[in-house]
Every structure is written in structure tokens, then in C-alpha cells.
Amino acid sequence: GNHTQPKFILLGITDTPWAQAPLFGLFLLIYVVTLVGNVGLLVLVWVAPSLRTPMYFFLAHLSLADICYSTVISPKMLTDLLFGNKTISWAGCMTQFHLFALFVTAECHLLAAMAYDRHVAICHPLLYAAVVSPRACWQLVACSYLVASLSALVYTSFTFGGSFCGPCRIDHFFCDAIPVLRLVCSDTRGSEAAIFALATANGLATSVVILLSYGRILHTILGMRSAPSRARAFHTCASHLASVSVFYGTLFFMYLQPASRHGSQDKVASVFYTVVSPMLNPFIYSLRNKEVKAALGKCRRRM
């Protein structure tokens, strides 16, 4: 059974020897930038009074989720590239997948909460303070983590609940559901269907909230008579839309397709939402945001 399997072997991104060092350097740089950018954004939201608003409250939790699931994946991947020791214990593999599923699912729901926040701010500005109150913000974040925790338990149970046959070689750079299920001896169609159904429910539920919110936002913006007002509204939503597009595009490609259609291109798609997307978010939300740049300037002058 699965508890008798001492180790898995992660085959990694590539088995080409000369590519290991360049990839290590590239992914180390990306991981360092991810940590610096997201931790910096967290600290800035914490210390800058002008950023203590619901929008930046959700953004701080988004940065926290990015830090967590990037850290679940990147250090192990970097160690494998540097030392070539690509083994991982059964418990370590299960823990990595569980934490990854938890924080990725939480990010989906946090992005939906941010879309709802923008919808209320633009479509119902007079009700914004009452609807998106501090208590409502904490409730939305708590619900995001609660749903993510329950979903991660289900994903992990179905992925690691079977008996594994040797050799336990995972054709991926981390323990993901589809590559792990390929090693299960018993019939996995039920597990794959359950994982696909729950991933679809999480993905579609959050994406519907985002699409409906931005549909109403677009309708409201087009009805504005003032061109500067329309420009400000579009500018407010542009960063969030860019982040959603990168994250959801690769996530849907990976998890909303039948298991039979998965192939070598999965590794490339996985790199985008596990490594690249967490790095891009701080830049997407800060470089085009006047409030963040102003708060950063004040912090520099104080220092």
C-alpha cells in the first residue's frame, strides 16, 4: 500500500545535464524576486496608513498565499537541480501537494473577493464603506481559507488514498495530482473524476464571480460621462485583470482537461502558475499603482 512506499523520485523539469545549472540560476533568481517582492508588498501594506483599505487587505493576503505556495515548490525544485537528489518521501510528497492545493485554491477565492471589492467600489461607491467593512473583509478571507482547507483535504485524500506500484517515478518537478495518480495500482477513474469535479467547482465558482463583477463594472464604466472617471476606473481594475488572466489561464489548462490529454506541456504550464505568477503579482499591483508608489516614496523618505 501507499504507506509502505518509502520514497518517490521526481524526474524534474528536464533530465539534460547541461541544462541543470542554467535552470537553477534562473529559478533561484525568480524565487528571490518573488520573496522580496511579496514580502515587501506585505510590509508596505502593514506600515503605510494610506494602504489600510479593503483592496490592499486582500492584496496582502494574496501576497501571503503567493509566498506560501511558491515556497512549497521552489526550494525542493532548486535542491533537485543543484544536487541531483530528486527523491522525496511519501509523507513529504503528500505534504507538499496538500499545502500547494490549499494555497492555490485560497488564491482563487481571494482573487474572486478582490473582484467583488472592485465591483462594489465602482458600481456602488456610496455603499462601499458599509458593504466592504473590516468585518466583511475578514469573513471573506476566512471563508477563502476554510474552503481551500476542505478542498485540499479532499484532493489529498483522493490522490494519495490508493496503493502505489513501483518504480515510483513522478514525471514532474513537484508532487501534483495527475502525475501521482499515474503510479496508483488500482483503478483511478473515480479519484480523477472527484478531483476534476471539485477543481471545476472551485475554478468555475470563482471565475463566475470575477466575470459577473467585471461585467457589471464594464457596464458602469461605459455609462460614465466623464472620460477621466472612466480612465481611473479602468486603471483600478487593470492590475487585477492582468493577475487573473495569468493565473487562471494556466490553471484551467492544467486542471480542467481530462487526464488522458495531459502531456509534457504540463510542466511548462505548471512553471507559470507555481513559479512565474507569484513573482509577477507584486509588480503588476505596484508598478501601475500610484497609491503603492506614493506609499513606497513616503517610506523611503522616512528611512
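Modeller: One definition before we start: strands are DSSP runs (E) of at least two residues, numbered from the N terminus. Keep in mind, too, that this is a predicted model.

Colleague: Fine. Which residues of β1 make up its covered face, and which its uncovered one?

Modeller: In a regular strand the side chains alternate between the two faces of the sheet. β1 covers residues 7-10. Its uncovered face has Lys7 and Ile9, and its covered face has Phe8 and Leu10.

Colleague: And the sheet around it, what order do the strands have?

Modeller: The sheet is open, with three strands and mixed pairing. β2 (87-89) and β3 (169-170) each have a single partner strand, so they stand at the edges, with one side of each left without a neighbour in the sheet. That gives the order β2-β1-β3.

Colleague: In what sense do β1 and β2 pair, and over how many bridges?

Modeller: Take the residues first: isoleucine 9 stands opposite threonine 87 in β2, and phenylalanine 8 has isoleucine 88 as its bridge partner there. The sense is antiparallel, and the bridges number three.

Colleague: Then which residue in β3 is the bridge partner of leucine 10?

Modeller: β1 and β3 pair in the parallel sense, over two bridges. Leucine 10's bridge partner in β3 is isoleucine 170.

Colleague: On to the rings. What kind of pair do phenylalanine 8 and phenylalanine 164 make?

Modeller: Searching the whole structure turns up 10 aromatic pairs. For these two rings the centres are 5.3 Å apart and the planes stand at 80 degrees; over 60 counts as edge-to-face. The pair links distant parts of the chain, 156 residues apart, with phenylalanine 8 in strand β1 and phenylalanine 164 in the loop between α5 and β3. So the kind is edge-to-face.

Colleague: Is phenylalanine 164 buried or exposed?

Modeller: The cut-off for buried is under 20% relative accessible area. Phenylalanine 8 has 0%, so that ring counts as buried. Phenylalanine 164 has 4%, so the answer for this residue is buried.

Colleague: Which residues form one aromatic cluster?

Modeller: The pair of phenylalanine 8 and phenylalanine 164 is edge-to-face, and both residues belong to the cluster. The full list is Phe8, Trp90, Phe97, Phe160 and Phe164.

Colleague: Last one, on the surface: about what area has the nonpolar patch with Leu140?

Modeller: Leucine 140 is in helix α5 (residues 134-160) and is partly exposed, at 30% relative accessible area. The other residues making the patch are Tyr116, Leu126, Leu127, Val131 and Val209. Its area is about 530 Å².

Conventions. Residues numbered from 1 in each chain as written. Predicted model: local features only at pLDDT ≥ 70, side-chain atom pairs only at ≥ 80, totals over all residues. Heavy atoms only, no water. Patch = residues over 30% accessible without salt bridge, like charges linked within 9 Å, V, L, I, M, F, W, Y side chains within 5 Å. Areas by Shrake-Rupley, 256 points an atom, 1.4 Å probe, with all protein chains shown as cover. Salt bridge = Lys/Arg side-chain N within 4 Å of Asp/Glu carboxyl O. Helix = DSSP H or I, 4+ residues; strand = E, 2+ residues; numbered from the N terminus. Buried < 20%, exposed > 50% of the residue type's maximum accessible area, 1.4 Å probe, protein only. Pairing = 2+ DSSP bridges. Phe/Tyr/Trp six-rings, centres within 6.5 Å; stacked < 30°, edge-to-face > 60°.
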